[in-house]
Amino acid sequence: MAKKYHFEAVIFDLDGVITRTALVHSHAWKKMFDDYLRQRETQHGEPFKEFTQKDDYLPYVDGKPRYEGVKSFLESRGITIPFGDPSDNVELETVCGLGNRKNITFNEVLKRDGVSVYESTVQMIHDLKKAGIKVGVASSSKNCEAVLEAAGLIPLIETRVDGVVSAEMGLKGKPEPDIFTTAAANLGVKPQHAIVVEDATSGVAAGRAGNFGLVLGIAREDNKHELLVNGADIVVDDISETSLEALDNWFIEGIEEDGWNITYRTYEPVKERTREALLTVGNGYSGTRGAMDECDANKINYPGTYIAGLYNRLSTPIAGRDVWNEDFVNAPNWLPVTFCINDGDYFDINNTEIISIERKLNFKTGLLTRSLIVRDKNENETLIESGRFSSMADAHLSALQYSVKPLNYSGKITIKTGING
């Protein structure tokens with residue numbers, strides 16, 4: 001008897017997940033935009049700045065419908081031109097005209113070189129079909145059908161929602177979830193019982209927005225952190241690093257475990273006060289805001305420990321009568337711990353380059369953990385890990401664990417800790 005899996009469908013992105021056309025797309029975009037930017041340099045005197053994979057293609061174009069990609073990149077350069085119509089001639093200086101120029105270049109390369117696939121993904125599709133799990137493709141590309149046909153994959157795909165279908169149905173492109181939720185509906189499954197596999201940040205954001213049971217990120221561009229930040233539940237370098245059993249285990253154990261955690265993978269000063277409140281640890285007697293271990297109170301951070309029943313009462317005369325306010329008192333801050341390298345400046349979270357960060361509060365264990373990699377002005381990269389909790393067994397006990405690990409240097413590290421009264 002065949003095994004019964006806890007998920008019913010997997011919906012794959014095309015470029016960069018199934019087929020190796022992402023690089024072809026990138027080169028086609030670069031040629032089109034570089035030609036256009038040189039044209040603007042000649043006509044308008046604008047300094048030419050080339051279109052690059054890292055700074056332009058990945059953040060503004062990758063994963064988006066063609067015309068949205070054109071519009072997004074031009075806006076990043078402060079360039080405004082008419083949107084035009086999808087039928088625009090390639091000579092027209094419109095968003096659609098430029099998008100059509102790119103498409104001609106792409107199809108020339110596709111016709112000349114054909115298409116190669118990621119064998120591990122194709123093997124996974126075969127495994128899924130053998131296990132009775134439905135398979136779909138959701139892509140922003142209007143060339144999706146031609147690419148699948150060139151790769152010989154049409155018979156394996158049960159539904160295809162691409163740029164052509166999106167235009168016909170009026171679907172919104174990534175990071176909106178429309179193409180993925182439409183594919184799930186075509187397959188007859190609910191999003192929470194399906195998996196999205198994506199390599200673009202806009203795609204994993206779409207999977208998260210569509211409330212899919214698992215969003216699997218494929219880090220083809222050394223962009224693991226970016227995929228996690230934008231909504232991926234799990235990120236691998238290649239789909240061969242996972243299996244049907246591992247995916248099934250996510251639906252058995254992973255979803256529940258993930259539901260017990262609140263996780264932040266960015267440090268955004270404007271949101272920090274709110275996140276500190278949401279990451280509070282406490283035990284009913286005392287509660288400590290989830291502020292950074294190294295910070296005193298400032299415009300961004302506000303470490304605070306509050307004790308039940310310890311408050312100020314103050315009377316304020318308002319409109320001829322006394323109004324009494326009761327406010328919790330901020331008790332002494334027991335968190336302060338920081339470090340310096342070779343007797344330099346002590347670490348300041350608000351004055352350093354953050355390479356990666358993850359803060360996680362587990363509501364089942366009450367443990368708040370933090371892991372971040374930072375780079376200082378001397379190019380020293382340091383891994384900082386910490387954890388804290390407030391004890392339920394002893395109401396008067398809270399604990400902090402803190403470690404510092406040099407990643408690309410050796411030297412003297414000084415740890416400073418104390419209590420701020």
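**Entry 1: the largest pocket**

I looked up which element gives the most to the lining of the largest pocket, and found that it is α11, with six residues. I was working on a predicted model, and I keep that in mind for every entry below. The space in this pocket comes to about 670 Å³, and of the 28 residues that line the pocket, I noted Arg208, Ala232, Asp233, Asp258 and Arg265 as the closest to its centre. Besides α11, which spans residues 244-259, I listed α10 (224-230) and β7 (261-264), since each of these three elements supplies at least two residues of the lining. Sorting the lining of the largest pocket by class, I recorded 10 nonpolar, 10 polar and eight charged residues.

**Entry 2: the cavities**

I then turned to the enclosed spaces, where the count comes to three cavities of 30 Å³ or more. The largest cavity holds about 240 Å³ of space, and 22 residues line this cavity, with Asp15, His25, Gly63, Lys64 and Ser141 the closest to its centre. Both α1 and α2 supply at least two residues of its lining, and the largest share, three residues, comes from α1. By class, I wrote down six nonpolar, six polar and 10 charged residues for the lining of the largest cavity.

For the second largest cavity I found a volume of about 90 Å³. Its lining includes Gly290, Met292, Asp293, Arg359, Arg370 and Arg388, while β15 (367-375) and β16 (381-390) each supply at least two residues of that lining. What is the class make-up of the lining of the second largest cavity? I recorded four nonpolar, four polar and four charged residues.

**Entry 3: α1 against α2**

As α1 and α2 had come up in the lining of the largest cavity, I looked at how these helices pack. Helix α1 covers residues 22-44 and helix α2 residues 53-61, and the two pack at an angle of about 105° with their axes 11 Å apart. Angles of 65 to 115 degrees count as roughly perpendicular, and α1 and α2 are therefore roughly perpendicular to each other. On the α1 side I listed Ala22, His25, Ser26, Trp29 and Phe33, which meet Gln53, Tyr57 and Val61 in α2. This contact has five nonpolar and three polar residues, and no charged ones. I noted that His25, in the α1 contact with α2, is also among the residues closest to the centre of the largest cavity.

**Entry 4: α2 against α3**

I went on to α2 and α3, which pack at an angle of about 130° with their axes 9 Å apart; that makes α2 oblique to α3. The crossing of α2 and α3 is right-handed. Asp56, Tyr60 and Val61 in α2 meet Gly69, Ser72, Phe73 and Ser76 in α3, and by class I counted three nonpolar, three polar and one charged residues in this contact. Val61 of α2 thus appears in the contact with α3 as well as in the contact with α1.

**Entry 5: α3 against α4**

Last, I looked up helix α3 (residues 66-76) and helix α4 (residues 95-113), which pack at an angle of about 115° with their axes 9 Å apart, and whose crossing is right-handed. From α3 the contact takes Arg66, Tyr67, Val70, Lys71 and Leu74, and from α4 it takes Val95, Cys96, Leu98, Gly99, Asn100 and Asn103. I divided these residues by class into six nonpolar, three polar and two charged.

Methods:
Residues are numbered from 1 along each chain as its sequence is written. This is a predicted model: local features need pLDDT of at least 70, side-chain atom pairs count only at pLDDT 80 or more; totals for chains, interfaces and linings use all residues. Side-chain values use heavy atoms; hydrogens and water are left out. Axes are lines fitted to C-alpha atoms, for helices over the stretch in contact, and angles run from 0 to 180 degrees between N-to-C directions. Helices (H or I, at least four residues) and strands (E, at least two) are DSSP runs, numbered from the N terminus. Angles under 35 degrees count as roughly parallel, over 145 as roughly antiparallel, 65 to 115 as roughly perpendicular and the rest as oblique. Contact means heavy atoms within 4.5 Å. Ala, Val, Leu, Ile, Met, Phe, Trp, Tyr, Cys and Pro count as nonpolar, Asp, Glu, Lys and Arg as charged, and the others, Gly among them, as polar. A crossing is left-handed if the near helix is turned anticlockwise from the far one by less than a right angle, and right-handed if clockwise. On a 1 Å grid over the protein atoms alone, a cavity is a set of points where a 1.4 Å probe fits but cannot get out, and a pocket is an open set with protein on both sides within 12 Å along at least five of seven lines; lining residues have an atom within 4 Å of a point. Grid points are joined across faces, edges and corners, and a volume is the space filled by probe spheres set on the points.
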